Amino acid sequence: MLSRLASRRILEIRQAFGQLPQPSRSFSTALNYHIDNPDNNPGIPWEFSDANKEKVKEILSHYPSNYKRSAVIPLLDLAQQQHGGWLPVSAMNHVAKIVEVAPIRVFEVATFYSMFNRTKVGKYHLLVCGTTPCMIRGSREIEEALLKHLGVTRNEVTKDGLFSVGEMECMGCCVNAPMITVADYSNGSEGYAYNYYEDVTPKRVVELVEALRRGEKPPRGTQNPNRINSGPDGGNITLLGEPKAPPCRDLDAC
Ligand code: FES
């Protein structure tokens, strides 16, 4: 009998090859497996740029020389930033060589953490939070608005290579739900940014996309003009005065 994992892989492969419709809800990465193709195979040479080679040295210096493998996450992150937001198999092999482990040890990390993309993404990779608080506050409508406006399906890249839309689980910003993150790979590892846009609406996310397309950097954080950071909508209505110190701390009054 097939294990659940094997059945799931077969299902994913059949969906990827169009034998079955795509699921209405997928995971945060496009694929959980690798199949060699002309754009992504171990025969394609890959190495860090000269500027990033210095960063690699600096990253490795944080760990004892017999624990180089501890640097695998920051090195994969740097490789992804350099490579326009995704990790080809040769980049993962290169990292394995640097930290002196078998490539499978690096693949295990890259496939576990959803911030590592193993297929191409747009220069701006838009990640919609799909966890309960954001879902209750309308994240499905946010995603629909983005996909419709950009004319893509989830994890597909727009023809101009600028945008892709993925999904992430809770990004710790539930108080300002719903929210999206924009992973900005438009300026390589030097200009890399990962910004939260919170309290978004379907209309606002489309405006954000168009601002990014124009090369603007829209202000991150809450998009609700009536809130300051995570403060109450419309301003404070309680605890308006200066807080009084507890009496036991007023030493003069004792
Ligand atoms: S549920 Fe969306 S940030 Fe927590």
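1. Order of elements. From the N terminus on, the chain of this predicted model runs α-α-α-α-α-β-α-α-β-β-β-α-β, a total of 8 helices and 5 strands. Helices (H or I, at least four residues) and strands (E, at least two) are DSSP runs, numbered from the N terminus.

2. Basis of the values. Residues are numbered from 1 along each chain as its sequence is written, and side-chain values use heavy atoms, with hydrogens and water left out. Because the model is predicted, local features need pLDDT of at least 70 and side-chain atom pairs count only at pLDDT 80 or more, while totals for chains, interfaces and linings use all residues.

3. Burial and contacts. Of the 254 residues, 39% count as buried, that is, under 20% relative accessible area with a 1.4 Å probe and protein chains only. Among contacts (heavy atoms within 4.5 Å) between residues at least 6 apart in sequence, 62% join residues at least 24 apart.

4. Helix α7. The 12 residues of α7 (residues 139-150) should span 16 Å at 1.5 Å a residue, the expected span being 1.5 Å times one less than the number of residues, and the end C-alpha atoms are 17 Å apart, which agrees. Its buried residues are Ser139, Ile142, Glu143, Ala145, Leu146, Leu147 and Leu150. An α-helix has 3.6 residues a turn, so residues three or four places apart point the same way. The buried residues of α7 pack against β1, α6 (132-136), β2 (163-168), β3 (179-184) and α8 (202-213). Gly151, with a positive phi near 70 degrees, follows α7.

5. Glu167. This residue lies in strand β2 and counts as buried at 2% relative accessibility. The C-alpha atoms of Glu167 and Cys129 are separated by 5.9 Å, although the two are 38 residues apart along the chain.

6. Second largest cavity. A cavity is a set of points on a 1 Å grid over the protein atoms alone where a 1.4 Å probe fits but cannot get out; lining residues have an atom within 4 Å of a point. The count comes to 2 cavities of 30 Å³ or more. The second largest holds about 30 Å³, a volume being the space filled by probe spheres set on the points, which are joined across faces, edges and corners. Its lining consists of Ser114, Met115, Asn117, His125, Leu127, Ala183, Tyr185 and Tyr194. At least three lining residues come from each of domain 1 (41-118) and domain 2 (124-222), with bounds from an automatic or database domain assignment.

7. Asn117. Asn117 sits in the loop between α5 (103-112) and β1 (124-129) and is buried, with a relative accessible area of 6%. Not counting residues up to four places away in sequence, Asn117 touches Gln80, Gly85, Trp86, Leu87, His125 and Tyr185.

Note on methods:
1 Å grid on protein atoms, 1.4 Å probe; cavity = no way out; pocket = protein on both sides within 12 Å on 5 of 7 lines; lining within 4 Å. Buried < 20%, exposed > 50% of the residue type's maximum accessible area, 1.4 Å probe, protein only.
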